[in-house]
Amino acid sequence: MAFLASRLSAVKPSPTMAITALAAELKAKGRDVIGLAAGEPDFDTPDHVKKAANEALARGETKYTAAEGSPELRKAVAEKFKRENGLEYAPNQIIIGCGGKHVIFNALAATLDAGDEVVIPAPYWVSYPDMVLLMGGKPVIVEAGENNAFKMRPEQLDKAITPKTKWLILNSPSNPTGAAYTKDELRAIADVLLKHPHVWVLTDDIYEHLVYDGFKFHTIAQVEPRLYERTLTMNGASKAYAMTGWRIGYAGGPAPLIKAMGMIQSQSTSNPCSISQAAAIAALRGPQEFLKDWQQAFKARRDLVVTMLNEAKGLRCATPEGAFYVYPNCAGVIDKKTPEGKTIGNDTDFATYLLEAEGVAVVQGAAFGLSPNFRISYATSAEVLKEACTRIQRACAKLA
Ligand SMILES: Cc1ncc(COP(=O)(O)O)c(C=O)c1O
């Protein structure tokens, strides 16, 4: 009898592991490695948020809270949904998790039976398909390619839905492409969902505040109120407030689903960290003006990276609406030879070449389900990005 559960056999080890391990090995050998793989803002958590955490600590808020989150934070989240998204959620329709990842995990754990299908547009955030597999569900991958700005077309969704479909997972702005759906694009997706009343939407809005060039963020339950009863609107503090280490994510949705997720939480993690919850209240209710400065900084970095990558031989890079990622196409370097005589057969080979030849760590598109591409996170300084892109240009120029 195997000791490890059989359901684990469906889950792959992260495809980013190999490149991360190689980067660590090169660094240990003293190589100058520039990491462009990080999925977190390089800014510090704002001071007023840290202050709120210190004050909570001084007040002795160091005990358990309700498993689904403190009443005050749930209220602050309800206020946020009303203020920023025009969505009304009562506190019993809100759950706080240990990061957005935990919220998604619990939603899938609460709803998926063996064989249930979940539609996931590719390229996708790496955790979605594996979480579905872990619950015994079946990820149904829909290719949202560069020809449609990395967005799923309504007719693709319509075709992917079967009687077994339980969820559509939408992520806008997206990790890994930065693509964000406009209100009209969401409207068209909503129209398809209205035809299929058994399908729910899990919308991952974690990059909501990171949009550029005047892009106006919308979330699907706001665009189509008739979907409200079958939408889980998920968001979190990690990306908007540079709070990845604090582990606070949240969602609003129908009370029975939230209750079921709360039950899982009460039997697994219990409440998210009490001090982090106090900090998140300050983040949500405090000043939001600094977000404009962050947006400006990210936009300037995005433009720098897109321009320099488009100057690299064999690469093509679209300008995304949001997040802090770009997802350049590298079809033009496939089948080329490195100076050492190795053939670049796919995007994993290309990512390995960039790391070995120039010490630039990126993530290959294969990890996100759409190739040949790679993901660059531009959540680092303009100087570092300029140096990294110069190295990428040099690496591409050396291919024959
Ligand atoms: C699309 C997407 N959703 C969710 C998460 C999870 O964020 P958290 O740190 O809140 O768990 C991430 C983090 O990388 C992400 O990129």
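Leu 8 is partly exposed in this predicted model. The relative accessible area of Leu 8 is 43%. This value lies between the limits of 20% for buried and 50% for exposed, so the residue counts as partly exposed. Leu 8 sits in the segment before α1, the helix that spans 17-28. Together with Phe 3 and Leu 4, Leu 8 makes a nonpolar surface patch. The patch has an area of about 410 Å².

The ligand has 13 residues around it. Gly 100, Asp 204, Tyr 207, Lys 239 and Arg 247 come nearest. Polar contacts involve both backbone and side-chain atoms. A polar backbone atom of Gly 100 is 2.7 Å from an oxygen atom of the ligand. The side chain of Arg 247 places an N or O atom 2.7 Å from a ligand oxygen. For the side chain of Ser 238, the corresponding distance is 2.8 Å. On its own, the ligand has 390 Å² of accessible area, and the protein covers 93% of it.

Aromatic rings were also examined. The count comes to 18 aromatic pairs. One of them joins Phe 324 and Tyr 325. Their ring centres are 4.8 Å apart, and the planes meet at 50 degrees. This pair is tilted, because its angle falls between 30 and 60 degrees. Phe 324 has 0% relative accessibility and therefore counts as buried. Tyr 325, also at 0%, is buried as well. Both residues belong to a cluster linked by ring pairs. The other members are Phe 43, Tyr 207, Tyr 241, Phe 290, Trp 294, Phe 298 and Tyr 378. Tyr 207 thus appears in this cluster and among the residues nearest the ligand.

How values were computed:
Residues are numbered from 1 along each chain as its sequence is written. This is a predicted model: local features need pLDDT of at least 70, side-chain atom pairs count only at pLDDT 80 or more; totals for chains, interfaces and linings use all residues. Side-chain values use heavy atoms; hydrogens and water are left out. Patches are made of residues with over 30% relative accessible area and no salt bridge: like charges are joined within 9 Å, nonpolar side chains (Val, Leu, Ile, Met, Phe, Trp, Tyr) within 5 Å. Accessible areas come from the Shrake-Rupley method with a 1.4 Å probe; for residues, only the protein chains shown count as cover. A salt bridge is a side-chain nitrogen of Lys or Arg within 4 Å of a carboxyl oxygen of Asp or Glu. Helices (H or I, at least four residues) and strands (E, at least two) are DSSP runs, numbered from the N terminus. Buried means under 20% relative accessible area, exposed over 50%, partly exposed in between (1.4 Å probe, protein chains only). A residue is near a molecule or strand if one of its heavy atoms lies within 4 Å of it. A polar contact is a pair of N or O atoms within 3.5 Å; within protein, one must be able to donate a hydrogen and the other to accept it, and residues adjacent in sequence count only if both atoms are side-chain atoms. Rings of Phe, Tyr and Trp (its six-membered ring) pair if their centres lie within 6.5 Å; planes under 30 degrees apart count as stacked, over 60 as edge-to-face and the rest as tilted.
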